[in-house]
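Subject: Handing over the structure

Hi,

Here is the structure I promised to pass on. Have a look at it first, and then read my notes underneath.

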Amino acid sequence: MAVTIKDVAKVANVAPSTVSRVIANSPRISEKTKRKVREAMKELGYHPNFIARSLANQSTKVLGVVMPGAVDKTFQNPFFPEVLRGISTAAHHKQYAIQLSTGVTDDEILDGVIQMVQGKRVDGIILLYSKVEDKVLKYLVKNKFPFVVVGKPFTHEEEITHVDNDNYRAAKEATEHLIKLGHQSIAFVGGSVNLVVTIDRLLGYEKAIRNVGIPFKDEYIVHEEFLKEGGQEAIRELLSLDEPPTALVVADDLMALGILNTLHEMGISVPGQISIVSFNNLLLSEVSRPPLTSVDINIYQLGFQATKTLIDIVSDSDEPIKRITIPHKMIVRQTCQQFNKEMVES
């Protein structure tokens, strides 16, 4: 016979309503009582029926996570498993489950979000990207549905809760690192110009270049996908220029890995002939050959704080709009060195 709340209440010697409040993790119940009730639940093998509870209190205890594109392609970049690790940890703390979007095209992703919202399948949504023109974000704003953006919204950022790094400053610092090493021919390899993170990092790079009076060259700006293949395409394009760059600011470690592989195949030495600074400080940046100098953006914290903040919004509709900035730090490894004209010419 199924164990009920009344059975748990009897063993714990509390009222059934107290058991219900413990299941809902109510702050009104003391930690001592919570422990006693949870021990009784464990002893009896009682598992709350979340579906029945969700019908009663209009809560699903599920958060929707919206990826920027097809899951198979997205997961090629280790950024996403790491940000999901942060999301999962924060969700688990508050007994929330996660539902991932599975759309490939923008329209399919929007349809998936509409189904989540209209079908009352989730309590809130985390957007794992920020695009220049995004139908999903507009839909969520219009429907006043709880959501948090990982990234900076393109417009109305003061009206949308978001968790991000200061990508402008991070890219400026990465570029300044190369300038201090004597480089003047510095290229920027970014992702899609439709992504706000790319725009912010490009603006930071441009500011650092202009601050020291280095001419800004359009041909030194290349945009590809945040994938290994994107990096391979970018470096071939840059090396075919009449004046190839001596240093690169690359907006993603996976792209940088593609660049390192291609340069190795071409017999071009890193950092001997070309220096590289990248972003994300993924595990692969430590094990690449040579190990990558990369900006650590605390990916895990981006996911963790976004989820924690979303659960606060879901729990209290009066929760104020927040802009949470996660700190970054440049990890210097072995892909940069002092500019040496003779080495480049050799």
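Below is what turned up, going from the sheets to the empty spaces and then the aromatic rings.

First, some ground rules: this is a predicted model, so local features need pLDDT of at least 70 and side-chain atom pairs count only at pLDDT 80 or more, while totals for chains, interfaces and linings use all residues. Residues are numbered from 1 along each chain as its sequence is written, and side-chain values use heavy atoms, with hydrogens and water left out.

**The sheets**

A word on terms: helices (H or I, at least four residues) and strands (E, at least two) are DSSP runs, numbered from the N terminus. Two strands pair if DSSP finds at least two bridges between them.

One open sheet has six strands in the order β2-β1-β3-β4-β5-β11, and the pairing is parallel. Its edge strands, β2 (97-100) and β11 (323-325), each pair on one side only. From one strand to the next, the twist averages 20° (axes are lines fitted to C-alpha atoms, for helices over the stretch in contact, and angles run from 0 to 180 degrees between N-to-C directions). Inside this sheet, β1 (residues 62-66) and β3 (residues 124-127) run parallel and share four bridges. If you want a spot to zoom in on, Leu63 sits opposite Gly124 in β3.

Another open sheet of six strands goes β7-β6-β8-β9-β10-β12, with mixed pairing. β7 (221-223) and β12 (329-331) are at the edges with a single partner strand each, so one side of each has no neighbour in the sheet. Ignoring direction, neighbouring strands here are turned by 20° against each other on average.

You can see the mixed pairing around β10 (residues 293-296). With β12, strand β10 pairs in the antiparallel sense over three bridges, and Ser294 stands opposite Ile331 in β12. On the other hand, β9 (residues 275-279) and β10 run parallel, joined by three bridges. There, Ser278 is opposite Ser294 in β10.

**Pockets and a cavity**

These come from a 1 Å grid over the protein atoms alone: a cavity is a set of points where a 1.4 Å probe fits but cannot get out, and a pocket is an open set with protein on both sides within 12 Å along at least five of seven lines; lining residues have an atom within 4 Å of a point. Grid points are joined across faces, edges and corners, and a volume is the space filled by probe spheres set on the points. For the classes, Ala, Val, Leu, Ile, Met, Phe, Trp, Tyr, Cys and Pro count as nonpolar, Asp, Glu, Lys and Arg as charged, and the others, Gly among them, as polar.

The largest pocket has a volume of about 750 Å³. It is lined by 33 residues, with Pro68, Phe80, Tyr129, Leu195 and Phe226 nearest its centre. Elements giving two or more residues to this lining are α5 (71-74), α6 (79-93) and α10 (196-211). The lining of the largest pocket splits into 15 nonpolar, 10 polar and eight charged residues.

The second largest pocket holds about 570 Å³ of space. Of its 25 lining residues, Leu140, Val141, Phe147, Glu159 and Ile160 are the closest to the centre. α8 (135-142) and α14 (299-315) each supply at least two residues of that lining, and α8 gives the most, with four.

There is one cavity of 30 Å³ or more, with a volume of about 40 Å³. Its lining has 12 residues, and His183, Pro271, Gly272, Phe339 and Asn340 lie nearest the centre. By class, that lining has four nonpolar, eight polar and no charged residues.

**Aromatic rings**

Rings of Phe, Tyr and Trp (its six-membered ring) pair if their centres lie within 6.5 Å; planes under 30 degrees apart count as stacked, over 60 as edge-to-face and the rest as tilted. The structure has four such pairs. Tyr300 and Phe304 are stacked, because their ring centres are 6.1 Å apart and their planes at 20°. They are four residues apart in helix α14, so about one helical turn separates them.

Are these two buried or exposed? Tyr300 is partly exposed, at 21% relative accessible area, whereas Phe304 counts as buried at 14% (buried means under 20%, exposed over 50%, partly exposed in between, with a 1.4 Å probe and protein chains only). Finally, Phe188, Tyr205 and Phe216 form one aromatic cluster.

Enjoy exploring!
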